[in-house]
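Morning, everyone. I have one structure to walk through today. Please have a look at it before I start.

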Amino acid sequence: MSSSLLNRVGIAVVALGVAGLGVASGGDGAVIVDGAPVARPYEGVRLVRVSPGSDAQFVQAIGVARDVWTHRPGPGLPLELLVDDAGVKALRDMGMSPRVLMADVQGAVDAHMARVEDRVQMRGLGWFANYKTEDQIRSYVDGLAAAHPALASVSVFGSSIQGQDLYQITITGPDAPGNLAADRPVVILNGCQHAREWVSPATVVYLADQLLERYGTDPRVSGLVDTARIVIAPMVNPDGYEYTWSSQRLWRKNRRGGYGVDLNRNWGYEWGGQGSSGSTGDETYRGTSPFSEPESAALRDLALSFGGDVVAHIDYHSFSQLIMWPFGYAEGVQTPEPDRTRFQNVSAQMSGAMLSVNGAFYDPIQSVDLYPAAGTSSDWFYGQLGATSFGIELRDTGFDGFLLPPEQILPTAQENFEGLLVFLDQTTRLLSVNTVAPSYVQAGQPNDLDVSVVDGIETLDAGSVSLHARVGGSGSFVVTPAVPMGGSAFVVTLPAAACGEQIEFYVTAQTTDAQSVSFPVDGAGGPLATTALEIAVVVADDFETDQGWSVTGDANGAGEGEWARAVPNGGGDRGDPPADADGSGSCYLTGAADDNTDVDGGSTILSSPTLDLSATPEAVVSYWRWYNNAAGASPNEDIFVVEISDNDGGSWTTLETVGPTGAQTVGGWFLASYRVADFVATTSQVRVRFTASDVGSGSVVEAGVDGFSIEETGCSGPVACNAADLAEPFGQLDFSDVVAFLSAFAGQEAAADLALPLGVFDFSDVVAYLGAFGAGCP
């Protein structure tokens, strides 16, 4: 498409509102259509999809639209438009065949608002089960700072056009020798420049929540918070956001003069160019001058207040599932090297981390590849400050668009938290070194452990990655080199330990100029630890061969979507897994035998063969599961049930019920583990079954099971003697070790979990400790 055409249809290129039928806003905030106020602005409007075949058709289609939802418009590409009956007729008269995606937009808005009416104030993850008003968001952010005064503070950095506070929460670890908080690099995260993008502030608040809640327990999070000042402004456009609650759900801009300014076209870098408009009626109206709006000016001033310390920035929007880097101000503009390659690499790593959470793919692109847009915050942060700056478009890819169901808040936020950790690693750390300490490893033998090391703001010396490990809580750490596996992957080998002994370890790496990095970082709760136990594998089934599972249920035959063993070929909008969970290739899927259809017409039941657990009283059953019921005309109405029996299926006890709503009902592989004896007796007639059902009025139900196993862990003999040596001076058992054990026992720490069942702290742990102590070790 030519530059001149892009300029003429800038609103469409921005994929948002068009005033082709006289839709605008009056000065009093009332919605005006053809000169008359309307209380229900989307009455009689539908969402349709057409495919213009030429520039001329493209412009004509835009001309009859009330709003454009497509994020990548262009001739020959699908174009999603809000139109009324006259618009549908006009599109047909142009020779296009509009396909109706949403027959009643006002009804969809009404239904969406009905689902968020119950806005109960909660703390913790339950708070993210629904959308919240601006007052509730501010209250929650204030509560986070109050709950974590050593890590967080809230301050006001400006006012909106209507006088509301613009506020930030700054998160960073306490001062440490040689690492003062005031000297740390600054990363700025902001949400809700566009009012209707409700999942944006919800996600940004979740990021703050998790950085604070995981500090001190998650070494990676602790290290990042101790390394940077993370400044989070969740609500840049409070006036517009409130207006979407009170008057017009799909309002985009701020509230200047009733017509509004698009804040993300008001930034000063290349202001006034393509993808922005000088007309107040346009959804991309850029304002009268750069930073004419108090909201964008205040965020600019906040960034400038840190001098040259701002190194990175993310601006969160919706929708389309994209990770976009600058520049975007004009068609054909290119990000200069070496930044272009760096942005590509960082965004690709973020995308991979986000995909691993729920199976949702975020496409990494240069922002101009979406559409030209001059005057954006990301262009300013990069072009003016030199910061690594991304714009992230959150869920979804167009199925619900701006009316994203509240059930998708938490999964959206969770996958973006993983992306943020990669972003912080890459922009604030010399190198990104990461591994995960397993809960236990096999006793009596060395055990391999995967480690990832990625370039941060410096380059890795690949021959420098090393493991530092010791058995027990005393003595020197033994250094062994890691084995490179290609790319960022390395393998280290933990030393052998007797059953019950603890292995402590950390990983180090160096940059090419000999700067050293460790994981966990100093002061972040290191070293890591794991416990050596005897592990007996009773059952292991990766579903590559038929090991006697059976499929029943009333959805089979008459309905569709019955369980079948197959290689996944899904992904996409209907919730199928794109790959299996354990990497073997195959898994059990619903609908794999009938062209990957979802479950319809009842239930499909996958049952294990009979399992003899009579000799394994501490058996733990584990499996990976996938479940998605978030699509369809009536999403989130069905459940996925996992049950266990100790009498060959004569009766069943529920292990877990997934759904109908929640973070684990929108796809993604999740590992579940349960101690069998907590539910049923460990007999010779144990069976497990998985039931996926479609009994609601329209959910698209997709499910998967993979990596089924049963293990028993513990120590058949006495607990290793040096498990008793818990306090200084190490190498000598005395009363201080007993006090340390009692403290660990009271705090339910791993050092005190010495007897089966693991994870349960009771008198058997005390007996095991006293036995080790009485043995006179070490």
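I'll go from the whole chain to the cores, then a helix, the aromatic pairs and the cysteines.

One thing up front: this is a predicted model. So all of what follows is computed from that model.

Start with the overall picture. The chain holds 15 helices and 35 strands. It has 778 residues, and buried ones make up 57% of them. Now take the contacts with a separation of 6 or more. Residues 24 or more positions apart account for 75% of those.

Next, the inside. In general, nonpolar side chains of soluble globular proteins tend to be buried together. Here, the largest nonpolar core has 101 residues. Which of its members touch the most others? I169, L211 and M350 do. Let's take L211. Leaving out residues up to four places away in sequence, L211 touches I171, V221, V225, I230 and I232. L211 also touches F417, L420 and L424. Apart from that core lies another, of 31 residues. Its members include W563, F640, V701 and V705.

M350 brings me to a helix. M350 is one of the buried residues of α11. Helix α11 runs over residues 339-358, which is 20 residues. From first C-alpha to last, α11 reaches 29 Å, close to the 28 Å expected at 1.5 Å a residue. Which residues of α11 are buried? They are R340, F343, V346, S347, M350, S351, A353, M354, V357 and N358. These cover an arc of only 165° around the axis, so they sit on the same side of α11. The general rule helps here. An α-helix has 3.6 residues a turn, so residues three or four places apart point the same way. After α11 comes G359, with a positive phi near 80°.

Now the aromatics. The structure holds 38 aromatic pairs. I'll show two. In the first example, the ring centres of F128 and Y206 are 5.3 Å apart. Their planes are at 85°, over the 60 degrees needed, so the pair is edge-to-face. F128 is in the loop between α5 and α6, and Y206 is in helix α7. That pair links distant parts of the chain, 78 residues apart. Both F128 and Y206 are buried.

The other example is F319 with F402. Their ring centres are 4.8 Å apart and their planes at 75°, so this pair is edge-to-face too. F319 lies in the loop between β12 and β13, and F402 in the loop between β15 and α13. So the pair ties together parts that are 83 residues apart in sequence. F319 and F402 are both buried.

There is also an aromatic cluster. Ring pairs link F543, W549, W563, Y588, Y623, Y627, F640, F690 and F708. Two of these names came up before: W563 and F640 are among the members of the 31-residue core.

Last, the cysteines. How many disulfides does the structure hold? One. C499 and C715 form it, with their sulfur atoms 2.0 Å apart. The angle about the S-S bond is -95°, and the link is left-handed. C499 lies in the loop between β22 and β23, and C715 in the loop between β35 and α14, so the disulfide ties together parts 216 residues apart in sequence. Are the two cysteines buried or partly exposed? C499 is buried, at 11% relative accessibility. C715 is partly exposed, at 21%. As for other cysteines, C192 is buried at 0%, and C587 is buried at 0% as well.

That's my tour. Questions, please.

Technical notes
Residues numbered from 1 in each chain as written. Predicted model: local features only at pLDDT ≥ 70, side-chain atom pairs only at ≥ 80, totals over all residues. Heavy atoms only, no water. Core = buried A, V, L, I, M, F, W, Y, C linked by side-chain atoms within 4.5 Å. Buried < 20%, exposed > 50% of the residue type's maximum accessible area, 1.4 Å probe, protein only. Contact = heavy atoms within 4.5 Å. Disulfide = S-S within 2.5 Å. Helix = DSSP H or I, 4+ residues; strand = E, 2+ residues; numbered from the N terminus. Expected span 1.5 Å × (residues − 1). Arc of directions from axis to C-beta. Phe/Tyr/Trp six-rings, centres within 6.5 Å; stacked < 30°, edge-to-face > 60°.
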